[in-house]
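Q: Could you take a close look at how helices pack against each other in this structure, and then at the cavities inside?

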Amino acid sequence: MRRQNLALVLGTVSAADADAPLSRADVAGRTGLTRAAVSSLVDELIADGLLVEAESAPSGRVGRPGRALAVSDRGPCGLGLEVGVTHLGACAVDLRGRARVWRRVERGNAGRPAGEVLAELAALGREAEVEAAALGLSVAGRVLAVPGVVSRATAALAHAEARADLAGVPDSAAAPHAAVERAANLGWEAMDPADHWPWPDAVPEVENEANLGALAELWAGRPAGAVGDTFVHVSAAVGIGAALVVDGRLFRGARGFAGELGHLPVHPEGPPCACGARGCLELYAGEAAVLREAALDPQGADPVTALAQRARAADPHTIDALTRAGRAIGLALTAAVDLVDPSALVLGGAYAELAEWLLPPMRAELAARVRVRPWDADGLRASALGRRGPLLGAGLLTVRRILTDPGARG
Ligand SMILES: [Zn+2]
C-alpha cells in the first residue's frame, strides 16, 4: 500500500503544471490521502532524491500556504543509447522528462561487427554519463534502441505482464536477457549486448527503436495527449517499422514481432523483398526506393535532409517519389486502421521531416480506403519529436519506471 501511495504522490506532483506547482496540502487534496500521510510520503521521496521542496511559498498564492513541490532535476536519470543504420546516439533524461545531455554522431553501422559498434557506443554513453554527473544526475537505468526485432524470454515476458504497473510501463526486471533477434538493416543476427558491452555492470537493456519512438510520443509528444491512448506510430527511414500503443500500453505481439509494417504487401505480385516475400511496403516507401526514384545518391551523408531540400526546391522527381511513397504508406496503414481502430496515426522517425510531402498522399489514400468506420484526416499527424523520438524514448523509459513505481528502487 505504501509503495502504491509513493507512486500516487510522485505521479501527482509530476503531473502538475510547472507554472502551478503543488504544496503538500494540495497533494493531499488531490489524492484523498491525509495530510500526515502525504507528509510522510513526501519526506521519503525527498530523502530518495526524487522530489524537492522550495524554500518559500509559491508566489502569488495568497491564502494558499505551503511550499512548492517539484520532481527533482538532479538525482536519478535515464541513459538512452541508440544504434541507427547511419548514426550512434546517447542521452541523459532527468525525472522531469527533459534531455539534459544529448549526443549524436553520424556513423555508417550497416555491416559492421556488433562488437565494434557497441564498443564505440559504450564510449559515447560513458561520456554522456560523465556529463550527466556534472549536472548532478546519476544514471538509474540504461536502455538501447536498435532497428531490429528484440526477443525476450517467455518466462520474463510473463513476469512482465504480472508486474506491469498501472501505467503499463514495461518493467525493467522483466527483461534481464532481452536480445536482438534480427536487425536486417545492420546485418545483425542474434546479438546480445551482454556479449559485447565493455562494462558488465552497465549492460543496457535492448528495445526496438520504433517501440521507443512510440513511447516517447505517448509520454513527451506535443501537443500533450494529442495521440490518445491507442495509436499507431510509424517510424520510417532506411527501414519502415511501426509500433502499436493500445490503451496506453505498448503492444508487442505474442513474440515481439508486432509492428512489422515495412513488410506488409502493397503489391502482392511485386518484386522480391529481402525478407523473402514480394511487393513489401519497404520496396516502395523505404529510403532506398525513394532515393532511387528521386535519382539521389543513396550514399549521401543525410539522405532524408537531401530529399527535403530537393522537395522544397520543387524538384519534380523528388515530389513524385515522395507522393508515391506516401500513397504506399497510406495503403499499408489502411490495414492498421481497420484492424486496430486507433485514435491517431503518427508519422515519426526521420520521415517526419518529409511530412509536408508525405502526409497529403497518405491522407488521400486513407480517406479513399477507410470506409467502414469514421476516419478523420486530422487523425494522421507528424511527430514533433521526429528522429529524436527513439533515443528520447530510451532515456524516458527508465524515468517512467521510477515515476510509476518509486518504491521499487533500493
Ligand atoms: Zn519484405
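A: What follows goes through two helix contacts and then turns to the cavities. The model is a predicted one, and every value below was computed from it.

Let us begin with helix α6, which spans residues 209-220, and helix α12, which spans residues 389-404. Their axes come within 7 Å and cross at roughly 65 degrees, and that angle makes α6 roughly perpendicular to α12, because angles of 65 to 115 degrees count as roughly perpendicular. The crossing of these two helices, α6 and α12, is left-handed. On the α6 side, the residues in contact are Glu-209, Leu-212, Gly-213, Leu-215, Ala-216, Trp-219 and Ala-220, and they meet Gly-389, Pro-390, Leu-392, Gly-393, Ala-394, Leu-396, Leu-397 and Arg-400 of α12. Sorted by class, the contact of α6 with α12 holds 10 nonpolar residues, together with 3 polar and 2 charged ones.

Another helix contact is found between α1 (residues 2-15) and α2 (residues 24-31), whose axes are 10 Å apart and which pack at an angle of about 110 degrees. These helices, α1 and α2, are therefore roughly perpendicular to each other, and their crossing is right-handed. Here α1 contributes Leu-8, Val-9, Thr-12 and Val-13, while α2 contributes Val-27, Arg-30 and Thr-31. By class, the contact of α1 with α2 divides into 4 nonpolar, 2 polar and 1 charged residue.

Turning to the cavities, the structure holds 2 of them with a volume of 30 Å³ or more. The largest cavity contains about 40 Å³ of space, and its lining is made up of Leu-79, Leu-81, Ala-122, Gly-125, Arg-126, Glu-129, Arg-142, Trp-197, Trp-199 and Ala-202. Two or more residues of this lining come from each of β3 (75-83) and α4 (114-134), and α4 gives the most, with 4 residues. By class, the lining of the largest cavity has 6 nonpolar, 1 polar and 3 charged residues.

The second largest cavity has a volume of about 40 Å³, and the residues that line it are Val-150, Arg-152, Glu-207, Asn-208, Asn-211, Arg-252 and Gly-256. In the lining of this second largest cavity, 1 residue is nonpolar, 3 are polar and 3 are charged.

How values were computed: Residues numbered from 1 in each chain as written. Predicted model: local features only at pLDDT ≥ 70, side-chain atom pairs only at ≥ 80, totals over all residues. Heavy atoms only, no water. Axes fitted to C-alpha atoms, helices over the stretch in contact; angles between N-to-C directions. Parallel < 35°, antiparallel > 145°, perpendicular 65-115°, else oblique. Left-handed = near helix turned anticlockwise from the far one by under 90°. Contact = heavy atoms within 4.5 Å. Nonpolar A, V, L, I, M, F, W, Y, C, P; charged D, E, K, R; others polar. 1 Å grid on protein atoms, 1.4 Å probe; cavity = no way out; pocket = protein on both sides within 12 Å on 5 of 7 lines; lining within 4 Å. Points joined across faces, edges and corners; volume = space filled by probe spheres on them.
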